[in-house]
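The following exercises are to be worked with the sequence and the model at hand. Each task is followed by a solution in steps.

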Amino acid sequence: MCLAVAGKIEKIEGDIGVVDLGGVRQPVSLIMVPEAKEGDYVLIHTGYAVEIISEEAYQETVELLKELRWE
Amino acid sequence: MGMTNSSILKSFREIMEIVQKSDLTINIMEVCGTHTMALFEHGIRSLLPQNINLISGPGCPVCVTGEEIMVEAFELLEKHNVTLFTFGDMLKVPGEGRTLSILKAQGFSVKVAYSPRNAIEFAEKNPNIEVVFFGAGFETTAPALGATILEAYTKKLKNFSMFLAVKTVPPALGFLVEHNSLIDGFILPGHVSAVIGAKAFRFITENYQIPAAVTGFTAEELLLGISLVVKSILKKEPSYYNAYPHVVREQGNVEAQRIIEEVFEKGDANWRGIGNIPLSGLFIRERYSQYDARKKYGLREKPPIVPRGCKCGEIMLGRMLPPECPLFAKGCTPEKPVGACMVSSEGSCAAYYKYGRR
Ligand code: SF4
């Protein structure tokens with residue numbers, strides 16, 4: 001039930017964003033992600049965007065992969 | 001990304017080979033029910049050597065909601081004639097032999113909602129109908145439920161309230177490590193962490209020296225989380241990882257936390273089958289009590305009801321696997337569940353029933 005899906009914000013009107021969920025458009029409350037912009041990807045749970053998905057975490061992933069190497 | 005995936009898989013294989021050759025038995029708990037389902041769906045259990053056990057934790061909000069809560073929800077329908085909105089998972093949860101789905105068939109007004117916002121919209125359009133949203137959840141859902149209360153408050157809705165069973169995961173994990181010394185590592189819930197931050201679970205490694213990784217839900221993310229935890233166990237250097245960094249920040253979503261803090265206060269909560277866990281529940285603050293269905297309708301708290309023979313509690317504490325319950329697949333199936341672990345699509349019993357033992 002903590003299942004959440006990712007979607008892209010297409011349009012913002014007030015607190016509500018129209019989010020594209022792989023072709024299906026849905027209104028989503030953006031009240032928890034006030035800094036979200038059109039074009040951002042957000043994580044959506046029960047009609048609310050709970051977090052903005054960052055594209056800048058690439059470096060952290062690289063670090064994690066380094067951690068994985070067995071030596 | 002392609003290269004990343006292949007390097008995750010390569011490291012995963014390397015690490016698993018070392019485990020396989022060792023005489024260790026490694027118990028890893030995946031706390032979250034969505035992880036339990038994803039691990040089965042991606043066939044990851046079958047990729048693990050026999051000496052790694054994945055244990056499903058208490059991370060399904062429906063499964064840990066006591067039967068007494070269901071009975072109170074029935075009371076809202078029968079005595080107070082409300083229209084009850086709830087998440088679909090709740091419909092089949094038994095309470096003293098009945099379910100919301102049975103009451104719905106009898107003509108009571110039970111509606112499935114994808115979002116609590118559906119209930120608010122309905123209440124606004126139907127001012128003469130008393131609307132209650134009934135929701136269970138963890139920190140992922142808590143801010144949405146809180147935001148709904150704030151919206152009702154701002155709009156001064158008179159015919160709307162919420163009947164909630166909200167629980168928080170960190171105190172339950174603390175309880176678990178104190179009561180089950182067999183857990184060697186944790187795969188931590190990604191979406192709960194998105195809200196409360198990776199910081200919220202650090203105590204597991206810092207206070208108990210148990211390796212843990214906040215983990216996502218795709219096959220690669222799961223392999224990454226498992227590999228990091230297993231490697232840390234093998235190296236005997238307990239480490240803590242945020243292995244879901246593009247979604248989970250160290251501090252989490254501060255705005256969502258602010259909403260939780262504004263609307264809810266902490267209190268002791270009963271976890272089905274496990275018992276009372278101190279300060280593991282979130283309850284609507286006095287300020288918003290007009291939106292608290294418990295107060296609005298004067299519901300009296302009921303003592304916990306535990307269905308006879310159900311081992312949900314033992315399973316969620318990691319002491320037992322679902323097939324070891326004498327009722328599993330016999331007296332208890334998804335069509336006729338005895339315990340909530342068999343009802344919810346995220347319950348460990350339901351997952352084991354659907355996908356088999358491994
Ligand atoms: S199989 Fe059914 S009765 Fe047994 S623990 Fe799971 S839910 Fe409870």
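**Exercise 1. Establish the surroundings of B:Ser348.**

Solution. Step 1: leaving aside residues up to four places away in sequence, B:Ser348 touches B:Ser56, B:Ile315, B:Pro322 and B:Cys341, where a contact means heavy atoms within 4.5 Å. Step 2: B:Ser348 lies in helix 15 (residues 348–355) of chain B; helices (H or I, at least four residues) and strands (E, at least two) are DSSP runs, numbered from the N terminus. Step 3: with a relative accessible area of 5%, B:Ser348 is buried, given that buried means under 20% relative accessible area, exposed over 50%, and partly exposed in between (1.4 Å probe, protein chains only).

Two remarks govern every solution. This is a predicted model, in which local features need pLDDT of at least 70 and side-chain atom pairs count only at pLDDT 80 or more, while totals for chains, interfaces and linings use all residues. Residues are numbered from 1 along each chain as its sequence is written, chains are lettered from A and ligands numbered from 1 in the order in which they are written, and side-chain values use heavy atoms, with hydrogens and water left out.

**Exercise 2. Compare the radius of gyration of each chain with the globule rule.**

Solution. Step 1: the radius of gyration is taken over C-alpha atoms, and the rule is 2.2 Å times the number of residues to the power 0.38. Step 2: for the 358 residues of chain B, the rule gives a value near 21 Å for a compact globule, and the chain agrees with it at 21 Å. The C-alpha atoms of chain B fill a box of roughly 65 × 45 × 35 Å along the principal axes. Step 3: for 71 residues a compact globule would come to near 11 Å, but chain A has 15 Å. The C-alpha trace of chain A spans about 50 × 25 × 25 Å along its principal axes.

**Exercise 3. Describe the secondary structure and burial of each chain.**

Solution. Step 1: chain A has 1 helix and 5 strands, in the order β-β-β-β-β-α along the sequence. Chain B has 15 helices and 11 strands. Step 2: buried residues make up 44% of chain A and 60% of chain B. Step 3: of the contacts between residues at least 6 apart in sequence, 32% in chain A join residues at least 24 apart; for chain B the figure is 77%.

**Exercise 4. Which helix 2 residues of chain B are buried?**

Solution. Step 1: the buried residues are B:Gly33, B:Thr34, B:His35, B:Thr36, B:Met37, B:Ala38, B:Leu39 and B:Phe40. Step 2: as 8 of the 9 residues of helix 2 (residues 33–41) are buried, this helix is largely enclosed by the rest of the structure. Step 3: just after helix 2, B:Gly43 takes a positive phi of about 70°.

**Exercise 5. Characterise the interface of chain A and chain B.**

Solution. Step 1: 35 residues from chain A and 48 residues from chain B take part in the contact. Step 2: the buried area is about 3500 Å², of which carbon and sulfur atoms give 65%; this is the accessible area (1.4 Å probe) that two parts lose on being put together, summed over both. Step 3: the count is 1 salt bridge, a side-chain nitrogen of Lys or Arg within 4 Å of a carboxyl oxygen of Asp or Glu. The side chains of B:Arg249 and A:Glu51 form this bridge at 3.0 Å, N to O. Step 4: on the side of chain A that touches chain B, strand 3 (24–29), strand 4 (41–45), strand 5 (48–52) and helix 1 (58–68) each supply at least two residues. The largest share, 6 residues, comes from helix 1 of chain A.

**Exercise 6. Locate B:Val195 and state whether it is buried or exposed.**

Solution. Step 1: B:Val195 belongs to helix 8 (residues 190–196) of chain B. Step 2: its relative accessibility is 0%, so B:Val195 counts as buried. Step 3: beyond residues up to four places away in sequence, B:Val195 touches residues including A:Val50, B:Glu139 and B:Ile260.
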